[in-house]
Amino acid sequence: MQKVGLYALVGIMAFALIFALLPTPGLDASQSGARLSGVQLRLYPSGDANATWSFRAADVRNDPLNGLTTLTGITEGQRLLKEQVQGRFTGREILDATLATQELTIDAQDTMTTRQARITLVQQCADIDLKGTEQTPVKIEQGQGFSAPSARISSPNTNGRIGKLKMTFGFVIEDSDPANSKYTAELDATETCRDGKRVPLT
């Protein structure tokens, strides 16, 4: 029930979803949860008040007993930020990052996990391919950033492979495993990032 309040599920009447999530005595998690198909949803994380996540998903399953929501068949994964001009919010949202993955699990703290994903940081034109395992998945933590056992980065000024990556949404590497990393920072880059697109330096 706590998780329901975080989503706006387009095209589905709110009372129907709430009714579906009410626990029924004697039912296990697979019976007491809700399962929805072909939905668009938005996540408003309490730990990152200025951000909103938006997804389309072919299938959404909610397990209220374990506090987990699982999305499969995901398209149009986006992280949006409230736009500020001169310190004031404009009421508009700007695209900060995109997320491409086949399956995503969201827990009660809004932490998202998956086995494999690509995050694109729009303002840096940086593509980060993240790979995890069942024991150590790719993890996206609200208000902090993301981590993975291994990652490949491609951007106008940084390219390579990084082990045990921990990175902020601002493209700052907070931790890594140097023994399993090989990447370069291009001092003489031939491209730059402009309006979310790579363009040649002139």
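## The disulfide

C193 is partly exposed, at a relative accessible area of 23%. In this predicted model, its partner is C125, bonded to C193 with an S to S distance of 2.1 Å. The count for the structure is one disulfide. The torsion about the S-S bond of C125 and C193 is about 70°, so this disulfide is right-handed. C125 sits in the loop between β7 (116-121) and β8 (126-131), and C193 in strand β13, so the pair ties together parts that are 68 residues apart in sequence.

The two cysteines fall into separate exposure classes. C125 has 6% relative accessibility and counts as buried because the cut-off is under 20%. C193, at 23%, is partly exposed because that value lies above the buried limit and below the exposed one.

## Overall make-up

The protein has 14 strands and two helices. It contains 202 residues, of which 40% count as buried. Take the contacts with a separation of 6 or more. Residues 24 or more positions apart account for 44% of them.

## W53 and its surroundings

W53 belongs to strand β2, which spans residues 51-63. Is W53 buried or exposed? W53 is buried, with a relative accessible area of 1%.

Which residues does W53 contact, once neighbours within four places in sequence are set aside? The partners are L41, R42, L43, P45, Q78, R79, L99, M112, I140, Q142 and F169. Q142 also makes a polar contact with W53, side chain to side chain, at 2.9 Å. L41 lies twelve residues from W53 along the chain, and their C-alpha atoms are 8.3 Å apart.

## Two residues with positive phi

Most residues other than glycine have a negative phi. Two residues here depart from that sign. F171 has phi near 70°, and D195 has phi near 55°. Neither residue is a glycine.

Both are loop residues. F171 is in the loop between β11 (158-168) and β12 (173-185). D195 is in the loop between β13 (191-194) and β14 (197-200). Their exposure is another matter. F171 is buried, at 18% relative accessible area, because the class takes in values under 20%. D195 is exposed, at 76%, because that is over 50%.

## The second largest cavity

The structure holds two cavities of 30 Å³ or more. The second largest has about 40 Å³ of space. Its lining consists of E141, Q144, G145, F146, S147, K166, M167 and E174.

Which strands supply at least two residues each to this lining? They are β10 (145-154) and β11. β10 gives the most, with three residues. By class, the lining has three charged, three polar and two nonpolar residues.

## Elements in common

Some elements recur across these features. Strand β13 holds C193 of the disulfide and also borders the loop of D195. Strand β11 supplies at least two residues of the lining of the second largest cavity and also borders the loop of F171.

Conventions
Residues are numbered from 1 along each chain as its sequence is written. This is a predicted model: local features need pLDDT of at least 70, side-chain atom pairs count only at pLDDT 80 or more; totals for chains, interfaces and linings use all residues. Side-chain values use heavy atoms; hydrogens and water are left out. Helices (H or I, at least four residues) and strands (E, at least two) are DSSP runs, numbered from the N terminus. Buried means under 20% relative accessible area, exposed over 50%, partly exposed in between (1.4 Å probe, protein chains only). Contact means heavy atoms within 4.5 Å. A polar contact is a pair of N or O atoms within 3.5 Å; within protein, one must be able to donate a hydrogen and the other to accept it, and residues adjacent in sequence count only if both atoms are side-chain atoms. On a 1 Å grid over the protein atoms alone, a cavity is a set of points where a 1.4 Å probe fits but cannot get out, and a pocket is an open set with protein on both sides within 12 Å along at least five of seven lines; lining residues have an atom within 4 Å of a point. Grid points are joined across faces, edges and corners, and a volume is the space filled by probe spheres set on the points. Ala, Val, Leu, Ile, Met, Phe, Trp, Tyr, Cys and Pro count as nonpolar, Asp, Glu, Lys and Arg as charged, and the others, Gly among them, as polar. A disulfide is a pair of cysteine sulfur atoms within 2.5 Å.
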